[in-house]
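Visitor: I would like to learn how to read a fold from its strands and its core. Please take me through one case.

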Amino acid sequence: MNFDRLKEDAGQTWRWLAEGWRAISGRAANALTYFSPARENRQEVDRRDLRWGVLAVDVSEHADHVLVELEVPGLDKEDIDVTVADGQLMVSGSKRYEAERKEGSLRITERAFGEFRRVIPLPGEVAGEGAQATYKRGVLKVKVPRASLPRARKIKVLSGS
């Protein structure tokens, strides 16, 4: 067995793996959503409590608007904040779920609390004014109008006085 060759192959494999990971994480950076536990005092959040996840999103371009559809199940529309600024759509919210049920002599309580934030770059020039958001069955749809660019116009040259 040639240990030098095996060592060289293992080193090459790790380089390929690292290169692949950088490519995947670079492409997926916009897909990651930051989740944190909902706390009264934000300074209490421990680094171990930080979580990342993926909220599926579709961005489609149309002649007069950009449509963003984002899956955010289990929320009420009042729990979602949407902002358009600097060519980006920012969606944040908080989830508070509590359920209690009895099974025989057991009382089962389930709770989920947390906050999320997602920033989605929008293609082209958009105008925050006139943007509309709807939420139904766990899907947030945001329609953002395209910015109206000044149209070219011909200017007649007059004689100076």
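Guide: The turns below go through the chain as a whole, then its sheet, a hairpin and the core. Keep in mind that this is a predicted model.

Visitor: What does the secondary structure of the protein chain come to?

Guide: Begin with the list of elements and their order. The protein chain has one helix and nine strands. Read from the N terminus, the order is α-β-β-β-β-β-β-β-β-β.

Visitor: Which figures describe the protein chain overall, such as how many residues count as buried?

Guide: Burial, surface and contact range can be taken together. The protein chain has 161 residues, and 18% of them count as buried; the cut-off for buried is under 20% relative accessible area. The accessible surface is about 13,000 Å², with 50% of that belonging to carbon and sulfur atoms. For contacts between residues at least 6 apart in sequence, 47% join residues at least 24 apart.

Visitor: In what order do the strands of the open sheet run?

Guide: A sheet is read across its strands, not along the sequence. Here four strands form an open sheet in the order β3-β4-β9-β8, and their pairing is antiparallel. From one strand to the next, the twist averages 15 degrees.

Visitor: Why is one side of β3 and of β8 left without a neighbour in the sheet?

Guide: Look for strands with a single partner. β3 (57-61) and β8 (132-136) stand at the edges and have one partner strand each, so each has a side with no neighbour in the sheet. The partnership of β8 with β9 is antiparallel and spans five bridges. Within it, Lys136 has Val139 of β9 as its bridge partner.

Visitor: Which residue takes a positive phi in the hairpin of β5 and β6?

Guide: For a hairpin, check the pairing and then the backbone between the strands. β5 (residues 80-85) pairs with β6 in the antiparallel sense over six bridges, and Ile80 is bridged to Gly93 in β6. Two residues lie between the strands of this hairpin, where Asp86 has a positive phi near 55 degrees.

Visitor: How many residues does the largest nonpolar core have, and which have the most contacts inside it?

Guide: A core is read by its members and then by the elements that supply them. The largest nonpolar core has 17 residues, and those with the most contacts inside it are Val72, Ile80, Leu89, Val91, Leu122 and Leu140. At least two residues of this core come from each of β4 (65-71), β6 (88-103), β7 (106-121) and β9 (139-145).

Visitor: What does Val72 touch?

Guide: Leave out residues up to four places away in sequence; Val72 then touches Leu55, Ile80, Phe116, Tyr135, Gly138 and Leu140. Among these, Ile80 also has Gly93 as its bridge partner in β6.

Terms used: Residues numbered from 1 in each chain as written. Predicted model: local features only at pLDDT ≥ 70, side-chain atom pairs only at ≥ 80, totals over all residues. Heavy atoms only, no water. Core = buried A, V, L, I, M, F, W, Y, C linked by side-chain atoms within 4.5 Å. Buried < 20%, exposed > 50% of the residue type's maximum accessible area, 1.4 Å probe, protein only. Contact = heavy atoms within 4.5 Å. Areas by Shrake-Rupley, 256 points an atom, 1.4 Å probe, with all protein chains shown as cover. Pairing = 2+ DSSP bridges. Axes fitted to C-alpha atoms, helices over the stretch in contact; angles between N-to-C directions.
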